[in-house]
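Here are some exercises to work through with the model open beside you. Try each task before you read its solution.

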Amino acid sequence: MTRENHARALLLAPQAMRASGTARLRRMGLVLLGVAAFVAMCVDLKLAPEAMLAGMDKFGQLAAGAFPPSDGGDLPRILKALAETFAMAFAGTVLAAIAAVPLGILGAKTVVGQPVLHFAFRRVLDWFRGVPALVWALILVSAFGLGPFGGVIALALADVPSLAKLFSEAIENGDERPLDGVRAAGASPLMVLRYGLAPQVTPIMASQVLFFLESNFRNAAVLGIVGAGGIGFELEERIRIFAFDQVVFIIGLYMICVAALDTLSQQLRKRLA
Amino acid sequence: MTAVAEFEVLRRRTLRRQRRETLVGLLIFSAVLLLSFQRSQFFSSDIGGDPLGRIGDFLTRMVPDLKGDALLEDRRTTGSLAWWFYDLPVWLKLGWQTVEMAIVATVLGAIGGLLASFLCARNLMPIAAVRFAVRRTLEAIRTLPDLVLALLLVAAFGVGPLAGVITLAISTMGGLGKLFAEINEEVDARQLEAMEASGTGLIRKIRYGVIPQVLPNYASYALIRLEGNLGGAAALGIVGAGGIGIELQRAITYTEFDTYLAILLLIVGMIFLIDMASEAIRHRLIGLGEAR
């Protein structure tokens, strides 16, 4: 479309090339309103350019002090904390999966047919899906004392709603025909579940659980900030004393571990599929 | 050997192999699980053992002492709703600040992600080295947990919402950059070819050929991200990066477990409202509204 063609098209069929005047005005008004709201929010949050620049300056200083990274002579302790973080993630994921299986079955439309019950159950799960693990960890550590126990429960609590929802979707999407087949062969209801449904849903569920293990390993790193042990605790301690060379070392090591676990879990998931 | 006998041999062999694999898998799994429980002191006796009992005890401490006949009294009356939510105006203010943080950070992160997505989309960026560098950077950002980043930024930018907004904006950029790049790569080339054939310039090609295809998808992903960022913003206050999290921290400092539950319910309600609004907008964007 050359410039002349574009002009001609505008003349011939203005509606096709451009919305009507009022629609354009309305759209422009909406955009302006959006920009104004955005600016107002920035002002309300006191996001001043000077503060930004001062922070960048400080960050540069901190970053300059972070090189070269060093383990601060505490490598065994750091490795132990990493192992603890993985342990928290693993235990939390397994607990969440165990709790999510019955909830997932209850949440499946094909199991609980009653629409009101189904809707209410799903909604309750939805509400708690947004609560991050750290929010749970803060109160659990206060209740159970410093240490990884609160972290494990926090990870499990944060995962159960999402896992249960995914499980019930997996069950709902299961093919009815294998179940009919097993039933037609004269199997008991339990056998129908074992040989008709389980082979369909277990690989899906297992792969979802692996996915949550990956994400929990990432999340578990922050739980130490509120005293739930693991690598987050070591990180927080070193940030507090501005030992940024060690902070960078730990973050680097941790990212390598995350990448390794991701790769391993990806391999496992590929085998499951 | 008859066909049946051959089948039986094959079946036995397969079954044996499957059982062996299951057994090995189970053994590894149990070993890791055992070690995990041991490392995370799950059944450790020096903190009282009995994990289930302690969870139950904790839940009862979270539920406030409400009295049926005093529910609607003012906040000086023990057992009323107002007494339970005793600092509601402050919480609502901080809650709104949390929403603002999530929105501002999502907008900034989406803009950053948009720029990054053009640099790492296969059909838009011809230089492979740039694509590689941008992709790896985005991946690194996604690996770093938000709150670790927040801790670092609070050290640099000081306590307050600024550090939180920057944290969320960076992590949003990491997440959306990748998704936006995928959208860019899925742009239907035929529409662009048709325009090229009629001699359209680059700007008009983007305006009439690319934007109508990608804009609804961009917006939809950004809105999903906004929902997630709201939860993230609520947690950020715990490390001093602004928002309602600071009140959670305070409630814990004074061991007010029932106050914690009150604030938690506010956060859940807030997330629920934003989810509903965002879902409504998303459905309109992808045209579900008309279809219904």
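**Exercise 1. Classify Glu139(B) as buried or exposed, or in between, and place it in its chain.**

Solution. Start with the count: Glu139(B) has 15 other C-beta atoms within 10 Å. Next, apply the cut-offs: a residue is buried if 20 or more other C-beta atoms lie within 10 Å of its own, exposed if 12 or fewer, and partly exposed in between, with C-beta atoms placed from the backbone. Glu139(B) is therefore partly exposed. Now find its element: Glu139(B) sits in helix H5 of chain B, residues 128-143. Helices here are DSSP runs (H or I, at least four residues), strands are E runs of at least two, and both are numbered from the N terminus. Finally, take a distance: from Glu139(B) to Ser40(B) is 29 Å, C-alpha to C-alpha, with their positions 99 residues apart in sequence.

Before you go on, note that this is a predicted model, in which local features need pLDDT of at least 70, side-chain atom pairs count only at pLDDT 80 or more, and totals for chains, interfaces and linings use all residues. Residues are numbered from 1 along each chain as its sequence is written, while chains are lettered from A and ligands numbered from 1 in the order in which they are written.

**Exercise 2. Do the same for Ser171(B), and list its contacts.**

Solution. First, the element: Ser171(B) belongs to helix H7 of chain B, residues 161-185. Second, the count: with 24 other C-beta atoms within 10 Å, Ser171(B) is buried. Third, the contacts (C-beta atoms, placed from the backbone, within 7 Å): leaving aside neighbours within four places in sequence, Ser171(B) touches Ile141(B), Asp146(B) and Leu149(B). Last, a distance: Ile274(B) is 103 residues from Ser171(B) in sequence and 20 Å away in space, C-alpha to C-alpha.

**Exercise 3. Describe the make-up and spread of chain B.**

Solution. Begin by counting elements: chain B contains twelve helices and zero strands. Then look at its spread: chain B has a radius of gyration of 27 Å, well over the 19 Å that the globule rule gives for 292 residues, so it is more spread out than a compact globule. That radius is taken over C-alpha atoms, and the rule is 2.2 Å times the number of residues to the power 0.38. Along the principal axes, the C-alpha trace of chain B spans about 75 × 75 × 45 Å. To finish, buried residues account for 34% of the 292 residues in chain B.

**Exercise 4. How does the span of helix H9 of chain B compare with that of a straight helix?**

Solution. Work out the expectation first: the expected span is 1.5 Å times one less than the number of residues, and a straight helix of 35 residues would span 51 Å. H9(B), residues 202-236, spans only 43 Å between its end C-alpha atoms. Now look for a bend, the angle between axes fitted to the seven residues ending at a residue and the seven starting there. H9(B) bends by about 55° at Ile211(B), and Pro212(B) follows within four residues.

**Exercise 5. Which residues of H7(A) meet H10(B), and at what angle do the helices pack?**

Solution. Set up the axes as lines fitted to C-alpha atoms over the stretch in contact, with angles from 0 to 180 degrees between N-to-C directions. H7(A), residues 133-144, and H10(B), residues 245-253, pack at about 10° with their axes 10 Å apart. That makes the two helices roughly parallel, the class for angles under 35 degrees (over 145 is roughly antiparallel, 65 to 115 roughly perpendicular, the rest oblique). On the H7(A) side, the meeting residues are Val135(A), Leu138(A), Ile139(A) and Ser142(A). Their partners in H10(B) are Leu248(B), Gln249(B) and Ile252(B). An α-helix has 3.6 residues a turn, so residues three or four places apart point the same way.

**Exercise 6. Where in chain A do Lys46(A) and Phe242(A) lie?**

Solution. Take Lys46(A) first: it lies in the loop between helix H3 (21-44) and helix H4 (49-65) of chain A. Lys46(A) has a positive phi of about 60° although it is not a glycine. With 11 C-beta neighbours inside 10 Å, Lys46(A) is exposed. Phe242(A) falls in the loop between helix H11 (231-240) and helix H12 (244-272) of chain A. The phi of Phe242(A), also not a glycine, is positive at about 55°. Phe242(A) is partly exposed, with 13 other C-beta atoms within 10 Å.

Key: The expected span of a helix is 1.5 Å times one less than its number of residues. Two residues are in contact if their C-beta atoms, placed from the backbone, lie within 7 Å.
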